[in-house]
Every structure is written in C-alpha cells, then in structure tokens.
Amino acid sequence: MDNEVKRAYLEKNMLAPFSKGKNRFMVFCDFCKKKFHGSIKISKNNRAYSMSVNGANFHHLDGNPENDVVENMRLYCRKCHKNVHYWGIIQRWLEKTGNTVDDLPDSKKLKPMTYRKY
Ligand SMILES: [Zn+2]
Ligand SMILES: [Zn+2]
C-alpha cells in the first residue's frame, strides 16, 4: 500500500498535517476505537516514506488491495481486522446457503468452539 495514501488517511483524522522529518502520532481503531501509536517520516520534498502503526492494519473495504484510495481504507486493530474478515466469510456463506443473519443462533449463548481428538 502506498505511503501517501496512508498519510492522507491519517491526516484526514489529524488536527494538523504532518511536518517534515519524523512525526509520531496517535490513532484509533476504526471499529473499537482502541488507541495506537505510530510514526511516519516525511522527506524534504514532502513525500511520506516510512509509516508504521504498532498493532493495527489497514484494510481495503472492497477487498481489492489495488484500490488504494482513502475512501476505501480503514485502520483496524488486529482483533477487529480478523473479525471483519470472519464476518465477510459468514456473509458469503449466508448468501450461498440462502440464509439470513436472523437464521443464525444467538451467539451470546455459544461457547467458544473446542476441538478434541477422538
Ligand atoms: Zn479494534
Ligand atoms: Zn483486511
């Protein structure tokens, strides 16, 4: 993913644009709002060339990693990112089996699945 897109995504939610040199910032998971720290470097000719956020990942909403536009990006913590992809699997499965969300059992009553050898 292009660093400039990540930068645009981050700046959209920042009070001020990044300055030249190394910038440290705080950012939140787009889903659960968990807080993360990151850093980004801006070159003298104003290009973002190094960006990292510990514990969070960028996600492409339309599933197409080539579609690097800000509107198609979300930043999620690892847990939310995993769950978003699980949810995608479930949605496709519902579609394939002709069921809806209402056909699913109440997940609050479900225990986590365990596997046993037999
Ligand atoms: Zn999250
Ligand atoms: Zn993803």
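In what order do the three strands of the open sheet come, and is their pairing parallel or antiparallel? In this predicted model, the order is simply β1-β2-β3, and the pairing is antiparallel. The two edges belong to β1 (21–28) and β3 (48–53); each has a single partner strand, so one side of each is left without a neighbour in the sheet. As for twist, neighbouring strands here are turned against each other by 20 degrees on average, ignoring direction.

Now for the pairing of β2 and β3. Strand β2 covers residues 35–42 and runs antiparallel to β3, with five bridges joining the two. A residue pair to look for here is S39 and S52: the latter, in β3, is the bridge partner of the former.

Then there is the helix. Helix α1, made up of residues 3–12, lies across β1, β2 and β3, and its direction makes an angle of about 60 degrees with β3.

That leaves the nonpolar interior. The largest nonpolar core counts 14 residues, and the ones with the most contacts inside it are C29, I40, A56, L75, Y76 and C77. Several elements chip in, with α1, β2, β3 and β5 (73–77) each supplying at least two residues. The biggest giver is β5, which puts in four residues. A56 is a handy place to look at how this part of the model fits together: leaving aside residues up to four places away in sequence, A56 touches V27, C29, F36, L75, Y76 and C77. Among these partners, C29, L75, Y76 and C77 also appear with A56 in the list of residues with the most contacts inside the core.

Methods
Residues numbered from 1 in each chain as written. Chains lettered and ligands numbered in written order. Predicted model: local features only at pLDDT ≥ 70, side-chain atom pairs only at ≥ 80, totals over all residues. Pairing = 2+ DSSP bridges. Axes fitted to C-alpha atoms, helices over the stretch in contact; angles between N-to-C directions. Contact = placed C-beta atoms within 7 Å. Core = buried A, V, L, I, M, F, W, Y, C linked by C-beta atoms within 7 Å. Buried ≥ 20, exposed ≤ 12 C-beta atoms within 10 Å, placed from the backbone.
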